[in-house]
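Visitor: Hi, got a minute to walk me through this one? I'd like to hear about helix packing, empty space and sheets.
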Amino acid sequence: MITFGVPDIPGKISWENAEGYLPAFVSRYAKAGLDISVQSFADEVTVGGNRYEVAYSRMTVTNTTDTAATLPRVSSALVPLDGSSRATTVDPGATVVRDYAVGADRFGGTYAWPSDAQIAGLGSYDDHYAHMRTYWNDRLATVADITALPDPSLIDAYKAGYIYTLIIRDDVDGQKQLHVGENGYDEMFDHDTIGIVSNLLNMGDFAYAKDYLATLPAELQYQDAKWKYSAPYAMYLERTGDDTFVRDHFATIRENTHTIASDREDDGTGIIKITNAIDSDGHWTVDNWSALYGLSTYRYLAERLGDDAEASWAQSEYDSLMAAANARLDATRSEFGIDYMPMAMDEPNETGPRSDPRDANWASMFLFGGWAWDSYLYDMPQSGTMLDSIDETYAYGIDRRKDVSDSPANFGGYPHGYYSSAYNAGYGGAALRGEDHRDIGIKAYQFMIEHSQSGPFGWWEGVDQPKADSPWDIDHASGGGGSDQHMWGQAMGTKVLFDSLLSLKSDGSLIVGRGVPADWVSTGKQVALDRFPVQDGGRVGYAMTADDDSVHLTFSGDLDRVPSISVQLLALEGNIASVDVPGATVDRAAGTVTLPKGTESVTIGLGEATVTPAPTATELPTISGQPTVGSTLTAHPGTWSTDGLTFRYQWLRDGEPVAAARARAASSPATYLVAAADAGHRIAVRVTASRPGSEDGTATSRSVTITRATDGAGAGGGGVGGGTGGGTDPGAGNGSDPGPDAGTGGATVPDGRPGPLAFTGSDLLVPLSVLAAVLLAAGLTATVVRRRRTSGEGAHPGQRGRVTTGRRTDGPVAGAAPRRGPAHRGPAGGPHYRGTVPDRTRVTMADVARAAGVSVMTVSYAYSAPHRVSPGDPGPRRDLRGGPRVRRTEPGRPLPAPGSEQQHRRRRR
């Protein structure tokens with residue numbers, strides 16, 4: 001035992017980290033007229049090629065009396081580092097500083113300890129303090145840096161927690177293992193480690209990220225670890241862009257995530273099975289949340305890696321589990337008449353194994369379930385009781401605990417320490433997804449600092465009641481259960497602090513200040529942070545100040561990697577008078593201001609809104625460019641009722657916004673690179689017009705239907721400039737009528753050859769001889785379907801017919817005698833011609849060319865290899881799957897035009 005010779009200290013002792021956060025503890029106390037401080041830390045040294053940890057201590061004694069005093073006698077094991085360390089007395093009013101060192105650790109080695117002379121020869125206390133200080137500050141310089149808060153103790157807390165995490169980490173058999181704590185917790189607990197790694201990645205600590213992920217445990221102790229095994233990988237990929245490393249581990253990620261399906265009840269259609277997730281058996285809500293969160297991050301990984309099948313499976317499994325969990329909770333709430341979300345899926349909190357109101361597990365799903373806030377950040381759909389009852393459940397828990405806690409920001413503890421816990425702040429994370437308690441995460445962290453520490457920024461897993469007779473001079477807990485420090489709990493506190501200040505969404509956008517207390521947005525208070533990690537290696541920061549009339553924010557860093565920033569301060573709810581950024585979107589009731597890409601600063605006026613009416617579009621926005629896969633569409637804002645506007649563009653597919661993460665933006669937001677997945681869908685653009693002091697105006701272009709490069713263009717004569725082409729007859733489009741599906745279908749088959757292609761246009765006049773030459777050069781044949789003519793040159797009273805080059809004709813040709821057999825024609829709006837061709841049993845391209853000068857409205861051509869067809873069969877067509885698709889019609893009856901009322905009637909039958 002190392003002592004400093006001052007037993008039975010009267011009064012209280014102050015105890016803190018040097019400089020607020022460094023792992024150098026400073027104790028200050030007084031006895032017998034002496035003011036004493038002892039500061040201790042450890043530093044790594046090398047002696048004779050062997051690694052050691054040496055503990056350094058500085059004892060400072062000031063004599064406040066008018067007589068000389070004897071200095072406290074320290075342990076003989078301490079090695080004096082200079083002459084003053086051998087002093088035995090201190091003069092009146094004088095101060096004596098004595099420095100000591102002692103060997104503390106050999107990092108598992110069995111080699112001999114260094115001698116006293118060797119330790120003394122390693123350098124002074126100040127040398128090693130500087131070395132220790134530089135090492136930890138260099139480590140902190142690589143992660144997100146909170147530089148200003150109205151409560152600076154929160155800054156010291158997260159910095160100290162980060163350092164403690166790395167000190168407690170152990171390197172075992174060459175692996176860097178993030179252990180949870182000491183006191184018997186110096187091992188990896190699976191869901192604890194996942195939480196610790198996730199927090200480090202959220203802060204931007206990537207130095208050993210691959211080592212941590214490569215040793216990530218699953219199902220060492222708890223089932224939920226395997227379900228959300230993908231979460232830290234998703235955070236890593238999102239922030240670094242390193243898909244190679246993630247792809248190398250994807251098989252393990254997939255294996256763990258797919259256990260969700262087998263761990264669901266009712267043959268994989270129900271809720272998650274009974275587990276021991278909260279150290280008691282039950283159908284725990286947190287397990288269902290954990291599985292949903294894991295599916296969210298797994299879908300993200302699969303999409304980023306281009307594994308569409310796995311992304312689809314994850315989305316389907318997610319939708320199914322969310323529906324099952326909501327249904328089960330609804331049944332439980334109805335059966336027992338409760339209005340909150342219980343910790344167990346099938347019974348109220350008051351009757352289950354964790355029914356004690358002091359037990360914090362009533363909010364377990366909010367702590368490590370992850371679904372509420374983190375799945376939202378990964379752009380997953382959320383609905384039902386699990387979402388709608390978040391605020392109700394926080395309110396229920398606060399009310400239920402009012403007789404056992406004097407603070408709504410204390411969630412409770414566990415049987416080994418019921419007062420509070422190291423996880424207390426983490427329980428507030430899900431409140432960010434609600435509205436009524438968004439700042440409770442920060443307030444819960446403040447509660448921990450003010451009331452439940454058991455050491456400087458150290459908390460037991462379960463915290464005992466504070467004791468007034470404890471020697472520490474702050475309100476604190478003198479003991480508890482589990483470990484102290486407890487790094488998973490501390491990681492949760494750090495994560496909720498950062499999430500409250502700044503959160504990254506999977507589409508790259510940022511949410512600023514959603515959990516910031518309203519009273520932090522006031523004169524003289526500042527919030528600022530820097531180096532926060534964003535997409536693909538970027539870093540950003542912001543600073544926020546306020547006065548009585550406004551809030552001012554400045555943004556810095558790699559803003560080009562951030563598509564938008566949403567300011568979501570509690571202080572802005574119903575309190576936005578103005579925003580000085582053109583193009584900003586304002587929701588005054590919700591208190592949100594969404595800023596466009598590249599915004600470097602914004603001033604938000606507070607108070608009643610005084611805005612002028614929104615501008616209106618006098619001419620709708622338009623789209624130019626070919627509406628085909630692989631082409632680029634360009635948006636044009638149209639004409640507006642006022643000048644001085646800035647424009648934002650939101651591309652729509654079938655009326656729904658194209659998420660930024662999936663937008664195929666080309667050179668700017670005003671352009672859209674059409675992808676294969678867009679084929680068959682309708683693309684439009686919504687333009688938002690903004691100017692300072694005015695409400696935003698919006699207008700939406702007419703849509704265009706996307707076809708493949710081998711499909712019908714599907715647009716009328718107006719092309720895509722003024723809207724989709726109208727009508728179902730070729731040439732009927734005027735550029736302003738919607739007219740969907742005016743063209744014929746088609747696709748590119750897997751081998752890359754073109755499928756059937758139709759050209760449709762208004763008054764497209766092409767001599768067949770020219771067309772024939774082009775098609776013959778390409779090695780293609782043509783299908784030509786004519787309109788029946790009832791008068792004039794070439795008129796024939798026979799049935800409508802189909803002529804296919806390279807095949808026998810199945811019906812009469814204009815100018816030829818009727819033939820026996822069924823007659824049919826291609827789709828209305830398909831290929832037509834006027835003129836005659838000879839009466840032949842086989843029609844060749846040369847025959848078509850003889851009709852030179854004929855007005856051709858549409859020609860559909862297929863592969864050069866002819867297809868054999870039966871009577872009444874118009875021949876195979878290619879669909880998206882690349883196989884032949886035979887379209888049959890009733891003999892003598894034309895196919896209805898795609899999109900026509902006749903076709904709709906057929907579908908309804």
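Guide: Sure, starting with a helix contact: Ser-153, Leu-154, Ala-157 and Tyr-158 in α3 meet Ile-442, Tyr-445, Gln-446 and Ile-449 in α18. Contact here is heavy atoms within 4.5 Å, and helices (H or I, at least four residues) and strands (E, at least two) are DSSP runs, numbered from the N terminus. This is a predicted model, where local features need pLDDT of at least 70, side-chain atom pairs count only at pLDDT 80 or more, and totals for chains, interfaces and linings use all residues. Residues are numbered from 1 along each chain as its sequence is written, and side-chain values use heavy atoms, with hydrogens and water left out.

Visitor: What classes do the residues of the α3 and α18 contact divide into?
Guide: Six are nonpolar, two polar and none charged. For the classes, Ala, Val, Leu, Ile, Met, Phe, Trp, Tyr, Cys and Pro are nonpolar, Asp, Glu, Lys and Arg are charged, and the others, Gly among them, are polar.

Visitor: And at what angle do α3 and α18 pack?
Guide: About 80°, with the axes 10 Å apart; α18 is residues 440–452. So α3 is roughly perpendicular to α18. Axes are lines fitted to C-alpha atoms, for helices over the stretch in contact, and angles run from 0 to 180 degrees between N-to-C directions. As for the wording, under 35 degrees is roughly parallel, over 145 roughly antiparallel, 65 to 115 roughly perpendicular and the rest oblique.

Visitor: How do the axes of α2 and α3 cross?
Guide: At roughly 105°, and those axes come within 11 Å. That makes α2 roughly perpendicular to α3. From α2, Trp-136, Arg-139 and Leu-140 meet Lys-159, Tyr-162, Ile-163, Leu-166 and Ile-167 of α3. By class, this contact of α2 with α3 has six nonpolar, no polar and two charged residues.

Visitor: Switching to empty space. How much lies in the second largest pocket?
Guide: About 1,300 Å³. Of the 36 residues lining this pocket, Ala-42, Glu-53, Phe-107, Trp-136 and Ile-167 are the closest to its centre. Trp-136 and Ile-167 also take part in the contact between α2 and α3.

Visitor: Hang on, what's a pocket on your terms?
Guide: On a 1 Å grid over the protein atoms alone, a pocket is an open set of points with protein on both sides within 12 Å along at least five of seven lines, while a cavity is a set where a 1.4 Å probe fits but cannot get out; lining residues have an atom within 4 Å of a point. Points are joined across faces, edges and corners, and a volume is the space filled by probe spheres set on them.

Visitor: Which elements supply at least two residues each to the second largest pocket's lining?
Guide: β3 (34–47), β4 (50–63), β8 (95–105), α2 (125–140), α3 (153–168) and β10 (170–172). By class, the lining of this pocket has 20 nonpolar, five polar and eleven charged residues.

Visitor: How many cavities of 30 Å³ or more does the structure hold?
Guide: Twelve. The largest cavity has about 370 Å³ of space. It is lined by 26 residues, with Leu-367, Gly-370, Asp-374, Met-492 and Lys-495 nearest its centre.

Visitor: Which helix gives the most to the lining of the largest cavity?
Guide: α19, with six residues. Among the elements that each supply at least two are α4 (190–203), α12 (285–304) and α19 (487–501). The lining of the largest cavity has 15 nonpolar, seven polar and four charged residues.

Visitor: Okay, sheets. What's the strand order in the five-stranded open one?
Guide: β15-β16-β20-β23-β22, with mixed pairing. β15 (502–504) and β22 (585–587) stand at the edges with a single partner strand each, so one side of each has no neighbour in the sheet. Neighbouring strands in this sheet are turned by 15° against each other on average, direction ignored. α19 packs on the sheet, touching β15 and β16 (510–512), and its direction makes about 90° with that of β15. Pairing of two strands takes at least two DSSP bridges between them.

Visitor: In what sense do β22 and β23 pair?
Guide: Antiparallel, over three bridges, with β23 being residues 592–596. Thr-585 has Thr-594 in β23 as its bridge partner.

Visitor: Last one: how many residues lie between β18 and β19 in their hairpin?
Guide: Three. β18 (residues 539–546) and β19 (residues 550–557) pair in the antiparallel sense over seven bridges, and Val-540 has Gly-557 in β19 as its bridge partner.
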